[in-house]
There are 2 protein chains.
Amino acid sequence: MGRKRSNKPTSFDIAYIAGVSQPTVSRALRGSRSVSLATRQRIEAIARELNYSVDKNASSLRSQRSNTIALLFFEEPGPEESTINPFFLAMLGSITRSCASRGLDLLISFQKMEDDWHVRYQDSHRADGLILLGYGDYTLYEQRLTELVDHGTHFVRWGSVRADNIGPTVGSDNFGAGQMAGEHLLSLGRRRIAFLGQADEHYPEFADRYRGLCAALGQGGIASDPALQCDALNFEDAGSDAVEALLATGAQFDAIFAASDLIAIGALRALAAAELKVPADVAIVGFDNQPAASMSNPPLTTLMQDLKAAGELLVETLLAQIEDRPLDNRTIPAQLIARRSTLG
Amino acid sequence: MGRKRSNKPTSFDIAYIAGVSQPTVSRALRGSRSVSLATRQRIEAIARELNYSVDKNASSLRSQRSNTIALLFFEEPGPEESTINPFFLAMLGSITRSCASRGLDLLISFQKMEDDWHVRYQDSHRADGLILLGYGDYTLYEQRLTELVDHGTHFVRWGSVRADNIGPTVGSDNFGAGQMAGEHLLSLGRRRIAFLGQADEHYPEFADRYRGLCAALGQGGIASDPALQCDALNFEDAGSDAVEALLATGAQFDAIFAASDLIAIGALRALAAAELKVPADVAIVGFDNQPAASMSNPPLTTLMQDLKAAGELLVETLLAQIEDRPLDNRTIPAQLIARRSTLG
DNA sequence: ATATTATGCGTATACGTATGCCTTCTTCCT
DNA sequence: AGGAAGAAGGCATACGTATACGCATAATAT
């Protein structure tokens, strides 16, 4: 039965007990070299005994550094209101761990791209920097990013890594992954490969995947047929709609590369409805290796991104940005997970 | 091209421009009634124009209230290191939104139950309170909870709602849900229903579900057979192991109620391996309505918890706790989602 | 008319820490 | 021995806000 209103010990209390001044306590606990080893150990012992912990608000206020970063998810433009992209959710785990291992606190928030999210974090000293996750309308996104840069706000973004990006960006090697998907399908003898996903520059990651696919086709001596590219945003119904549209055009195809697993799963549904066998009639490759990908019927061949590396790199890049260290955009390789949707 | 080092405006700047004192600015922006309407509006206009935002650290330090809550996930004791229980992940979305709508910041973190997680948040004024999510060894959990209570730390916990809980608890109506599962299976003519999941009081939620099932059986005039209860922790392999163990005993059963979808999916795998048809030979009901539940083969009948209500209630209860308002443990009803794993 | 209360705002200060600067005491070099 | 340089720590103060208190002026009561 402890007191309800425990008087939290301060650095002054410790100083008094240790017979030193408050600043010395602060220096000792922060590991300053100008405190003797003996003094520091004495102070540390007292701190431990009192169950002291540094007041975060005071510390952040004084040092103007919160050791906190904010993770902002942007909701998809798709129809579902409440569901969050599972890929980003998975990334959350990895980012959280990266922060924890560096002693950083992590603030998280979901935003609509249209909202004034940039206002809430920039000046309030809530966070030292932002990690931005989410696709969405790239034109609007670019505008926001420009505002952040102009304002001097620190941030990293997950997305398509290009030379002319606004602000530092970390992302998968989407081009390389698209190539792998293409090569995989070519090696299985497929020649007419459809791409389900936006291929325009408003959706740069999808576009990169498509360009990778085209590159693989080119190397295989096959011209890519624009009729086999079919727009789809990142949700399941978009996938089935796209397949239906493709079938309606009468286009011939023996494989599909879907820009995401969600799209691929929708596509599977539409193919089943059209009585097409997977992979006998149509082989299909997804992207993201979501949990659902191994549960689908048949299990989905897909491209797995290294989430652990991704989270690590995001945090590392953001810190570099905050501490004004030089930083280089970097790309994370993907890996093909072959399952029965292509292997049969 | 904004300045990199923008001199953030303070309440003093606003005061100067408005021709009032700094405290008046503070009062105006916080909506104190002791500032005249005219003055307040003038101040608000200036603040908007300067893009002013209250410094969170200073505000929290002075008021001793951070308007931040921390969400702590406890990792499963199971084998997977990096994966997070999808149910809690889904809850995250709902909690985030509840916080956002109340203007609260949300700090998140994953912990091992063994860690000293209670130290980091209690005194540092990082957060006003904690939301605890996760199962795990209940004995250890209880010990930690007692420490929190003794220390006067505010928290709410997701779990089994009982009269003798340590600290406020919000949870699904696991007993009622277990009953629904039982009634559903009984109504389909099943009589020998196995339960996969821990049924002892170290895992109170699973135990509640089991008791609910037994109650339904009792009302149907059927004695529950202890031989049909088979321990399983919350991961996939536990489900298949349990089914294999059950089959090995030679026990007869025509239905399974699994304590979670993960367990159910593992069970499906083992049943398929044993060449048992679902639902013809064995009907199966899961719990959680995870995304994967609709993807399995056959799609899984399961119990859906109202996550939106859950998040809302967790936050509401925590705030009540923080503000010392009276609070009552409350329970959230579940809903049965019937799919082909029972309907055929 | 005087006593009373409410309104609107300024004064002073506290919240708890981190850091620039200065002082003291050693140590070491020439 | 004298002075320079380094080690260890104290002193003063700043970070930006919120709030207890007091003081006018105005409104109301008696």
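A residue counts as buried here when its relative accessible area is under 20%, as exposed when that area is over 50%, and as partly exposed in between, with a 1.4 Å probe and protein chains only. By that rule A:F287, at 0% relative accessibility, is buried, and this residue will return below as part of an aromatic group.

The structure is a predicted model, in which local features need pLDDT of at least 70 and side-chain atom pairs count only at pLDDT 80 or more, while totals for chains, interfaces and linings use all residues. Residues are numbered from 1 along each chain as its sequence is written, chains are lettered from A and ligands numbered from 1 in the order in which they are written, and side-chain values use heavy atoms, with hydrogens and water left out.

A first orientation comes from the domains of chain A, whose bounds are taken from an automatic or database domain assignment. That assignment gives domain 1 as 11-54, domain 2 as 68-172 + 307-330, and domain 3 as 174-305 + 337-343. The centres of domain 1 and domain 3 of chain A, taken over C-alpha atoms, are separated by 61 Å.

The next subject is DNA strand C, where a residue is called near if one of its heavy atoms lies within 4 Å of the strand. Around DNA strand C there are 27 residues, of which A:S11, A:S26, A:Y52, A:R62 and B:T24 come nearest. Of the atoms of this strand that come within 4 Å of the protein, sugar and phosphate account for 54%. By class the residues of this surface divide into 9 nonpolar, 12 polar and 6 charged, where Ala, Val, Leu, Ile, Met, Phe, Trp, Tyr, Cys and Pro count as nonpolar, Asp, Glu, Lys and Arg as charged, and the others, Gly among them, as polar.

Several polar contacts can be followed individually, a polar contact being a pair of N or O atoms within 3.5 Å; within protein, one atom must be able to donate a hydrogen and the other to accept it, and residues adjacent in sequence count only if both atoms are side-chain atoms. A polar side-chain atom of A:Q22 lies 3.0 Å from a base nitrogen of DNA strand C, whereas a polar side-chain atom of A:S26 lies 2.6 Å from a phosphate oxygen of that strand. From chain B, a backbone N or O atom of B:S36 lies 2.9 Å from a phosphate oxygen of DNA strand C. The elements that give two or more residues to this surface are α1 (11-18), α2 (22-30) and α4 (56-63) of chain A, together with α2 (22-30) and α4 (56-63) of chain B; helices (H or I, at least four residues) and strands (E, at least two) are DSSP runs, numbered from the N terminus. The most is given by α2(A), with 5 residues.

DNA strand D also has 27 residues around it, and those that come nearest are A:S21, A:T24, B:S26, B:Y52 and B:R62. An N or O atom in the side chain of B:R62 is 2.3 Å from a base nitrogen of DNA strand D, while the side chain of B:S59 has an N or O atom 3.2 Å from a phosphate oxygen of the strand. On this surface α2(B) gives the most, with 5 residues, and the classes are 9 nonpolar, 11 polar and 7 charged.

Turning to the aromatic residues, rings of Phe, Tyr and Trp (its six-membered ring) pair if their centres lie within 6.5 Å, and planes under 30 degrees apart count as stacked, over 60 as edge-to-face and the rest as tilted. The structure holds 12 such pairs over all chains. In one of them, A:F73 and A:F110 meet edge-to-face, at 5.1 Å centre to centre and 75° between the planes. This pair links distant parts of the chain, with A:F73 in strand β1 (residues 68-74) and A:F110 in strand β2 (residues 105-111) of chain A, 37 residues apart. A:F73 counts as buried because its relative accessibility is 2%.

The rings of A:F257 and A:F287 have their centres 6.4 Å apart and their planes at 40°, so this pair is tilted. Because A:F257 lies in strand β8 (residues 255-258) and A:F287 in the loop between β9 (283-285) and α12 (291-295) of chain A, the pair ties together parts that are 30 residues apart in sequence. A:F257 is buried, with a relative accessible area of 0%, and one aromatic cluster is formed by A:F195, A:Y210, A:F257 and A:F287.
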